[in-house]
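Dear colleague,

Please find below the sequence and structure that I am handing over to you. My findings follow directly after them.

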Amino acid sequence: MDFSKITELTAQNECETEKIGEDFAKSLKAGDIVAMYGGMGMGKTAFTRGIARGLGISDRVTSPTYAIVNEYYGNLSLFHFDLFRLSGADELFDIGFDDYLTRGGTCVIEWFENAEGAYSPDYEVHISQGIDESERKIIIKKVK
Ligand SMILES: Nc1ncnc2c1ncn2[C@@H]1O[C@H](COP(=O)(O)OP(=O)(O)O)[C@@H](O)[C@H]1O
Ligand SMILES: [Mg+2]
């Protein structure tokens with residue numbers, strides 16, 4: 001699939017969301033920033049789990065809410081951030097975010113809005129509720 005512009009997809013369940021993440025992972029390269037948007041429980045972490053699979057990572061991705069960042073190593077490294085508890089971009093500098101950009105991996109960031117303005121992402125992924133309880137609309141935008 002071509003993710004070079006804007007792609008709008010529908011997932012009927014968690015598996016399908018993961019599968020879309022897995023396909024999308026093939027367009028990622030070292031240093032890319034992926035900003036994930038969507039409320040609590042929309043499937044941002046599920047999508048990231050798919051990205052990990054697509055990058056050849058065998059560890060199961062879980063929510064890094066308390067750790068801020070989890071690191072995984074595959075064909076390309078994955079640095080999975082959850083900025084839910086972040087109070088501003090300053091804190092992102094404090095945890096050494098800049099270093100992650102040059103460590104040969106891709107940074108996937110949940111709650112990127114909490115650090116808005118500091119960095120511009122390469123991709124935005126927006127997940128929203130569909131008509132059925134387990135349906136999700138997924139929009140993937142290449143922004144850089
Ligand atoms: N289509 C779907 N895609 C992703 N998750 C779904 C879907 N339908 C139901 N779910 C459920 O929604 C929750 C998503 O959790 P999670 O990925 O942790 O969300 P977030 O990281 O956005 O808070 C899971 O409990 C999952 O089983
Ligand atoms: Mg999450």
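Strands β6 and β7 form a hairpin, with six residues between them. The model is a predicted one. Within this hairpin the two strands pair in the antiparallel sense over seven bridges, and Tyr123 has Lys142 in β7 as its bridge partner.

Both strands of the hairpin have a further partner. Strand β7 (residues 136–142) is joined to β1 by six bridges, again in an antiparallel arrangement; here Thr7 is bridged to Ile140 of β7. Strand β6 (residues 123–129), in turn, runs parallel to β2 (residues 33–37), and four bridges join the two. In that pairing, Met36 stands opposite Val125 of β6. As a general point, the strands of a sheet pair through backbone hydrogen bonds, in either a parallel or an antiparallel sense.

These pairings belong to an open sheet of seven strands with mixed pairing, whose order is β1-β7-β6-β2-β5-β4-β3. Its edge strands are β1 (6–11) and β3 (69–72), each of which pairs on one side only. On average, and with direction ignored, neighbouring strands of the sheet are turned by 15° against each other.

Turning to the helices, α2 lies across β2, β3, β4 (77–82), β5 (105–110) and β6. Relative to β5, helix α2 runs at about 170°. Helix α2 also meets α1: the axes of the two helices come within 6 Å and cross at roughly 45°. An angle of that size makes α1 oblique to α2, because angles that fall outside the roughly parallel, antiparallel and perpendicular ranges count as oblique. The crossing of α1 and α2 is right-handed.

On the α1 side, the contact is made by Glu14, Thr17, Glu18, Lys19, Ile20, Gly21, Glu22, Asp23, Phe24 and Ala25. On the α2 side, the contributing residues are Ala46, Phe47, Thr48, Arg49, Gly50, Ile51, Arg53 and Gly54. Sorted by class, the contact of α1 with α2 comprises six nonpolar, five polar and seven charged residues.

The ligand site may be of particular interest to you. Which residues come nearest to ligand 1? Of the 16 residues around ligand 1, these are Thr17, Gly43, Lys44, Thr45 and Ser134. The elements that give two or more residues to this shell are α1 (14–25) and α2 (44–54). Helix α2 gives the most, with three residues. Thr17 is thus named twice in this account: among the residues nearest to ligand 1 and among those of α1 that contact α2. By class, the shell around ligand 1 divides into four nonpolar, eight polar and four charged residues.

With kind regards

Notes
Residues are numbered from 1 along each chain as its sequence is written. Chains are lettered from A and ligands numbered from 1 in the order in which they are written. This is a predicted model: local features need pLDDT of at least 70, side-chain atom pairs count only at pLDDT 80 or more; totals for chains, interfaces and linings use all residues. A residue is near a molecule or strand if its C-beta atom, placed from the backbone, lies within 6 Å of it. Ala, Val, Leu, Ile, Met, Phe, Trp, Tyr, Cys and Pro count as nonpolar, Asp, Glu, Lys and Arg as charged, and the others, Gly among them, as polar. Two strands pair if DSSP finds at least two bridges between them. Axes are lines fitted to C-alpha atoms, for helices over the stretch in contact, and angles run from 0 to 180 degrees between N-to-C directions. Two residues are in contact if their C-beta atoms, placed from the backbone, lie within 7 Å. Angles under 35 degrees count as roughly parallel, over 145 as roughly antiparallel, 65 to 115 as roughly perpendicular and the rest as oblique. A crossing is left-handed if the near helix is turned anticlockwise from the far one by less than a right angle, and right-handed if clockwise.
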